[in-house]
Amino acid sequence: MSESENQAEESTSSTQHSLPLISHLLELRDRLLRVILVVMVLFLSLVYFANDIYQYLAIPLTSQLPEGSSMIATGVATPFFTPIKLTIVLSIFIAIPAILHQVWAFIAPGLYKHERRLVAPLVISSALLFYLGMVFAYYVVFPLAFSFFTSTAPDGVTIATDISSYLDFVLKLFFAFGLAFEIPIATLVLCWTGATTPEKLKQKRPYIVVGAFVFGMLLTPPDVISQTLLAIPMLILFEVGLLFARFYAPKQENTM
């Protein structure tokens with residue numbers, strides 16, 4: 001009887017331990033489905049305007065093309081699938097606040113009250129900074145970069161960019177600048193978790209300057225214009241992150 005009772009107790013305890021894991025997995029599944037639903041609703045709302053959205057995205061290049069020139073499509077199905085691809089990516093970008101909300105709702109119950117007060121502003125500001133990076137790329141980087149590219153074309157060369165290649169190019173830059181504009185958040189998190197301090201980061205500033213240009217070289221196409229236009233905002237944002245890091249770092253410093 002005692003052995004059977006022990007086995008029953010062990011099975012009960014193992015069941016109790018497995019239940020939270022199952023409930024977390026079910027909650028994660030539900031939140032993923034909500035994110036997918038939001039993206040699908042946005043896509044269905046925007047797909048009718050797919051061609052107009054692509055034309056707006058192409059303005060920084062088409063405004064720099066010689067008179068009478070236009071973009072081309074080298075694939076048979078490219079004129080259809082390229083705007084659709086853009087609309088899908090745009091739907092995901094627009095859904096970033098909803099995605100972050102679902103992530104926050106999933107992890108918030110496991111955080112302490114003071115941690116929630118610190119993490120919530122970081123989640124909101126990370127989305128805003130990502131959007132700001134995309135806006136900076138579209139309105140500042142694209143006009144300068146495309147003006148440079150079109151003005152340096154050799155004589156006798158007709159500029160006719162494929163619409164699919166252009167989309168891949170600008171999406172890469174959007175992601176690079178959106179990611180680069182997250183540097184203040186990364187700086188705050190590093191100081192908040194105690195991985196480093198603002199003073200140590202200030203001492204490593206020369207290495208960070210070099211790293212910014214290397215990072216810009218890796219994330220952007222191989223041209224000096226886009227690399228420099230990415231590295232300079234990264235350095236400015238790093239300084240902004242250092243400025244606000246002192247509001248997150250003192251608690252770590254006091255506990256040492």
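The exercises below, each with a worked solution, concern a predicted model.

**Exercise 1. Overall make-up**

Task: State how many helices and strands the protein chain has, and what share of its residues count as buried.

Solution.
- Step 1: The secondary structure of the protein chain consists of 12 helices and zero strands.
- Step 2: Read from the N terminus on, the order of elements is α-α-α-α-α-α-α-α-α-α-α-α.
- Step 3: The protein chain has 256 residues, of which 35% count as buried.
- Step 4: For contacts in the chain, take residues at least 6 apart in sequence; 82% of these contacts join residues at least 24 apart.

**Exercise 2. Helix 4 against helix 5**

Task: Classify the mutual orientation of helix 4 and helix 5, and describe the residues where they meet.

Solution.
- Step 1: Helix 4 covers residues 78-94 and helix 5 covers residues 96-107; their axes come within 4 Å and cross at roughly 50 degrees.
- Step 2: Angles under 35 degrees count as roughly parallel, and 65 to 115 as roughly perpendicular. Helix 4 and helix 5 are therefore oblique to each other.
- Step 3: On the helix 4 side the residues are Ile92, Phe93 and Ile94, and they meet Ile96, Pro97 and Ile99 of helix 5.
- Step 4: Sorted by class, this contact of helix 4 with helix 5 has six nonpolar residues, no polar ones and no charged ones.

**Exercise 3. The setting of threonine 82**

Task: Decide whether threonine 82 is buried or exposed, and list its contacts beyond its neighbours within four places in sequence.

Solution.
- Step 1: Threonine 82 belongs to helix 4.
- Step 2: Buried means under 20% relative accessible area. Threonine 82 has a relative accessible area of 5%, so threonine 82 is buried.
- Step 3: A polar atom of the threonine 82 side chain lies 2.9 Å from the backbone oxygen of threonine 78.
- Step 4: With neighbours within four places in sequence left aside, threonine 82 is in contact with Tyr54, Ile163, Ser164 and Leu167.

**Exercise 4. Two aromatic pairs**

Task: Classify the ring pair of tyrosine 56 and tyrosine 138 and the ring pair of phenylalanine 80 and phenylalanine 81, and give the exposure of tyrosine 56, tyrosine 138, phenylalanine 80 and phenylalanine 81.

Solution.
- Step 1: The structure holds 13 aromatic pairs.
- Step 2: In the pair of tyrosine 56 and tyrosine 138, the ring centres are 5.3 Å apart and the planes are at 15 degrees, so the pair is stacked.
- Step 3: Tyrosine 56 is in helix 2 (residues 50-57) and tyrosine 138 in helix 6 (residues 113-151), so their pairing ties together parts 82 residues apart in sequence.
- Step 4: Tyrosine 56 has a relative accessible area of 44% and is partly exposed, whereas tyrosine 138 counts as buried at 9% relative accessibility.
- Step 5: For phenylalanine 80 and phenylalanine 81, the ring centres are 5.0 Å apart and the planes are at 75 degrees, so this pair is edge-to-face.
- Step 6: Phenylalanine 80 is exposed, its relative accessible area being 53%; phenylalanine 81 is exposed as well, at 51%.
- Step 7: Ring pairs also link a cluster made up of Tyr54, Tyr56, Tyr138, Tyr139, Phe142, Phe146, Tyr166, Phe169 and Phe174.

**Exercise 5. Isoleucine 124**

Task: Locate isoleucine 124 and give the separation of its C-alpha atom from that of histidine 101.

Solution.
- Step 1: Isoleucine 124 sits in helix 6.
- Step 2: The relative accessible area of isoleucine 124 is 56%, so this residue is exposed.
- Step 3: Isoleucine 124 and histidine 101 are 23 residues apart along the chain, and 8.9 Å separates their C-alpha atoms.

Definitions and conventions. Residues are numbered from 1 along each chain as its sequence is written. This is a predicted model: local features need pLDDT of at least 70, side-chain atom pairs count only at pLDDT 80 or more; totals for chains, interfaces and linings use all residues. Side-chain values use heavy atoms; hydrogens and water are left out. Axes are lines fitted to C-alpha atoms, for helices over the stretch in contact, and angles run from 0 to 180 degrees between N-to-C directions. Helices (H or I, at least four residues) and strands (E, at least two) are DSSP runs, numbered from the N terminus. Angles under 35 degrees count as roughly parallel, over 145 as roughly antiparallel, 65 to 115 as roughly perpendicular and the rest as oblique. Contact means heavy atoms within 4.5 Å. Ala, Val, Leu, Ile, Met, Phe, Trp, Tyr, Cys and Pro count as nonpolar, Asp, Glu, Lys and Arg as charged, and the others, Gly among them, as polar. Buried means under 20% relative accessible area, exposed over 50%, partly exposed in between (1.4 Å probe, protein chains only). A polar contact is a pair of N or O atoms within 3.5 Å; within protein, one must be able to donate a hydrogen and the other to accept it, and residues adjacent in sequence count only if both atoms are side-chain atoms. Rings of Phe, Tyr and Trp (its six-membered ring) pair if their centres lie within 6.5 Å; planes under 30 degrees apart count as stacked, over 60 as edge-to-face and the rest as tilted.
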